[in-house]
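Could you walk me through this structure in my viewer, stop by stop? I would like to know what to select and what I will find there.

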Amino acid sequence: MKRLLLRSAISVAALALLTGGAMAHSRTASENHSGISVPEISHGEMAVMADYRDRIIALASRATDTNEPFRRVLNYAQIQYSYCLWGRMPGSVTDEESPFNECAHAYLAATKAVLLSLRDMPRESEAATAIITDADADMVRRGLSLITCRFSGEAFNTADVIKPRWSEIPLHTASMASLTGFFAVIFGVFFAGRRLLRVQSSV
C-alpha cells in the first residue's frame, strides 16, 4: 500500500510539472484579458449550475442563431470544464480548499453566462427561461443564495485559462485519494497487461 501511495504521489508530481502546474497560483502567467469578460459566480450558485450544466450545454450546442461572443464563451466553458477534469474531482464545486475549486468557478461562471445569453435568443428563450426558473427554485430550496467563498467575487476572461492548483493536490485529502485510486487502476491494468503478454509469449 505504501508503495502504491508513493507511486501515486510521484505521478501527481509529474503531472504537475508536465502541465506547468508547479506554480502556486493557478492562472496563466500572462493573465491575458484581451478576450471576453465572464461575470463572477457565487459559491452557492455553483452547486446549482453544476447540476444544470448538461442541460445548458446541450441547449447551447443546438442553438443556431448565435454570434461570435456567445460561441467564444461557450467554448471557454467547455475548455475550462476539461481543465477541471470534467468535474470529476471530489469537492471541486463545494470545497473552496480544493485545488480544483477556482477552475470550477471558471467553467460554471461561463456556463451561467451562456445560459443568460440563451434567454435572449428567440428560439432558445423558452427553454433557457425554464432552466433559470428551476435553478432559482433550487437555490431557494437549498438555501444557497448567500453562500460565498474566496473566489465568489472573481470575474474571468475567455483569454485567461484557469488551471487547477496541481501543487496543492498532495495537501488535499479528497483529491489525493481520488487520483490515487485512478492511478491504482492504471497501474493495475498495466501490470495485468504485462502478465498476460508474458503468459502468451511462453505458450
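## A tour that starts at Tyr81

Select Tyr81 to begin: with a relative accessibility of 16%, this residue counts as buried, because the cut-off is under 20%. Keep in mind throughout that you are looking at a predicted model.

Now add Tyr107 to the selection. Tyr107 has 3% relative accessibility and therefore counts as buried. How many aromatic pairs are there? The count comes to two. One of them is Tyr81 with Tyr107, an edge-to-face pair with 5.0 Å from centre to centre and 70 degrees between the planes. Tyr81 belongs to helix 3 and Tyr107 to helix 4, so this pair ties together parts that are 26 residues apart in sequence.

For the other stop of this kind, select Phe100 and Trp166. Their planes stand at 85 degrees and their ring centres are 5.7 Å apart, so this pair is edge-to-face. Where in the chain do Phe100 and Trp166 lie? Phe100 is in the loop between helix 3 and helix 4, while Trp166 is in the loop between strand 2 (156–157) and helix 6 (173–202); the pair links distant parts of the chain, 66 residues apart. Both Phe100 and Trp166 are buried.

Go back to Tyr81 and show Arg53 as well. The charged end of Arg53 sits over the Tyr81 ring, 3.5 Å from the ring centre.

**Along helix 2**

Arg53 is one of the buried residues of helix 2, so select that whole helix next, residues 43–62. Its 20 residues should span 28 Å at 1.5 Å a residue, and the end C-alpha atoms are 28 Å apart, which agrees. Stop at Tyr52, where helix 2 bends by about 55 degrees. Then colour the buried residues of helix 2, among them His43, Gly44, Met46, Tyr52, Ile56, Ile57 and Leu59. What do these buried residues pack against? Their partners are helix 3 (68–83), helix 4 (101–119) and helix 5 (125–142).

**Helix 4 and two cysteines**

Move on to helix 4. From its first C-alpha to its last, helix 4 reaches 27 Å with 19 residues, close to the 27 Å expected at 1.5 Å a residue. Of those 19 residues, 15 are buried, so helix 4 is largely enclosed by the rest of the structure.

While you are here, select Cys103. Its relative accessibility is 0%, so Cys103 counts as buried. Cys84 also counts as buried, at 0% relative accessibility. How many disulfides should you look for? The count comes to zero.

**Out to helix 6**

Next, select Ala174, found in helix 6. Is Ala174 buried or partly exposed? Its relative accessible area is 32%, so Ala174 is partly exposed. Draw a distance from the C-alpha of Ala174 to the C-alpha of Gly91: it reads 7.3 Å, although the two residues are 83 apart in sequence.

**Zooming out**

Finish by showing the whole chain as a cartoon. The protein has six helices and two strands, and along the sequence they follow the pattern α-β-α-α-α-α-β-α. Of its 203 residues, 40% count as buried. Among contacts between residues at least 6 apart in sequence, 83% join residues at least 24 apart. The Tyr81–Tyr107 pair, whose parts are 26 residues apart, is a good view to return to.

Key:
Residues numbered from 1 in each chain as written. Predicted model: local features only at pLDDT ≥ 70, side-chain atom pairs only at ≥ 80, totals over all residues. Heavy atoms only, no water. Helix = DSSP H or I, 4+ residues; strand = E, 2+ residues; numbered from the N terminus. Expected span 1.5 Å × (residues − 1). Bend = angle between axes of the 7 residues up to and from the residue. Buried < 20%, exposed > 50% of the residue type's maximum accessible area, 1.4 Å probe, protein only. Contact = heavy atoms within 4.5 Å. Disulfide = S-S within 2.5 Å. Phe/Tyr/Trp six-rings, centres within 6.5 Å; stacked < 30°, edge-to-face > 60°. Lys NZ or Arg CZ within 6 Å of the ring centre and 35° of its normal.
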